[in-house]
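Please look first at the sequence and the fold shown here, and keep both at hand while reading. The explanation then moves from strand pairing to charged side chains.

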Amino acid sequence: MFPTSLRSQRPGAQLVRYSLLGGALLALLSAPFAHASPPPPAPSLHVQAQSWVEVEPDKATLSARLWENTPALSTLEESDSSALSDARERLESRASELIEQMEATGLARNAINAGSLNVYPEYVQGQRNEDGEHEALQRTRLERPITVELTDLDQLSEVLDALIAAGVNALDGVQFDLQDRDSATDEALVKALEKAQHKANLMADTLGAELGHVQRIEETQSPIFQPRMMAMRAESDAASQSGAASDYSPGTIRIDAGVSIEWALTAPDAPDRPNSDVAAQE
């Protein structure tokens, strides 16, 4: 027989009592774990580095233009179709002669590109009329762009002189480039990585630490290649008459690159622990 005090308690009250006792015991057991501090973050070294390379171009693209104009007429007059045909014939004849002169310098035919024909109106100022105002005139310009690609820069001066002798209306300039851009941009990136490695080793050695595994790699500046432009102009009459040779220096092209790298630091003689959080960004 149970004591009267126990028999008088309802089953629900007993369950509540046991639940409270169990919750209190669980709180006591988990208290040390709840107040435990998280482990300190692993030491690391973060380095940024920028570097560049300067390379001599080995490719050049020359840009020039030929054009012919129809006679200027009053805007009130109808255009003359025969004048347009004559201007086109003159332009095509000049373009053919120019290509022949370029080939005579030793250039391959596929190195010379005569672009598509461009036709557009031009408005010019005529003579003054009786009211003292300038008459508005209109003509049509037919234009063809000419580009020449060189992989031997020793030919540059000769080709430029040939273009001028052929009577191009505009010599727009020279763009210096590289035949293999990827190799130059790779070289700039490798130099930036090597510089970052050197800085990291220097800092770690000075502070008595050791470099561990690489935790993160990022490009802070992707290698950017920009062809070098050089404006050109025809030689002066004095230089042409004296026969002085034209001298065009291509200079160099600079390619910059930058990286950001983070290494784990380890104590001397401590084994290096692999980290699954290694990341690389292109």
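What follows is a walk through a predicted model, starting with its strands and ending at its surface.

A convenient place to begin is strand 7, which spans residues 170-177 and is mostly covered, six of its eight residues being buried. Strand 7 pairs with strand 2 (residues 59-69) in an antiparallel arrangement held by seven bridges, and within this pairing Ala60 stands opposite Phe176 of strand 7. Strand 7 also runs antiparallel to strand 9 (residues 228-230), to which three bridges join it, and here Gln175 is the residue that stands opposite Met229 of strand 9.

The pairing of strands 2 and 7 is accompanied by contacts between charged side chains. Side chains of opposite charge can pair when their charged atoms come close. Asp172 and Arg65 form such a salt bridge, with an N to O distance of 3.1 Å; because Asp172 lies in strand 7 and Arg65 in strand 2, the pair ties together parts that are 107 residues apart in sequence. Arg65 also meets the side chain of Glu143 in a salt bridge, at 3.7 Å from N to O, and this pair links distant parts of the chain, since Glu143 belongs to strand 6 (residues 134-150) and Arg65 to strand 2, 78 residues apart. Arg65, Glu143 and Asp172 are thus linked in a network of salt bridges.

How buried or exposed are the members of this network? Glu143 is buried, because its relative accessible area of 7% falls under the 20% cut-off. Arg65, by contrast, counts as partly exposed at 26% relative accessibility, and Asp172 is likewise partly exposed, at 41%.

A search of the whole structure finds 11 salt bridges, and one of them lies between Asp256 and Arg254, whose closest N and O atoms are 3.0 Å apart. In this pair Asp256 is partly exposed, with a relative accessible area of 24%, and Arg254 counts as partly exposed as well, at 40% relative accessibility.

The last stop is a group of acidic residues on the surface, where Asp58, Asp180, Asp182 and Asp186 gather in a patch of negative charge. Among them, Asp182 has its place in helix 5, which covers residues 181-206. Asp182 counts as exposed because its relative accessibility is 55%, and the cut-off for that class is over 50%.

Notes
Residues are numbered from 1 along each chain as its sequence is written. This is a predicted model: local features need pLDDT of at least 70, side-chain atom pairs count only at pLDDT 80 or more; totals for chains, interfaces and linings use all residues. Side-chain values use heavy atoms; hydrogens and water are left out. Patches are made of residues with over 30% relative accessible area and no salt bridge: like charges are joined within 9 Å, nonpolar side chains (Val, Leu, Ile, Met, Phe, Trp, Tyr) within 5 Å. Accessible areas come from the Shrake-Rupley method with a 1.4 Å probe; for residues, only the protein chains shown count as cover. A salt bridge is a side-chain nitrogen of Lys or Arg within 4 Å of a carboxyl oxygen of Asp or Glu. Lys and Arg count as positive and Asp and Glu as negative; His and the chain ends are not counted. The place of a charge is taken as NZ of Lys, CZ of Arg, CG of Asp or CD of Glu. Helices (H or I, at least four residues) and strands (E, at least two) are DSSP runs, numbered from the N terminus. Buried means under 20% relative accessible area, exposed over 50%, partly exposed in between (1.4 Å probe, protein chains only). Two strands pair if DSSP finds at least two bridges between them.
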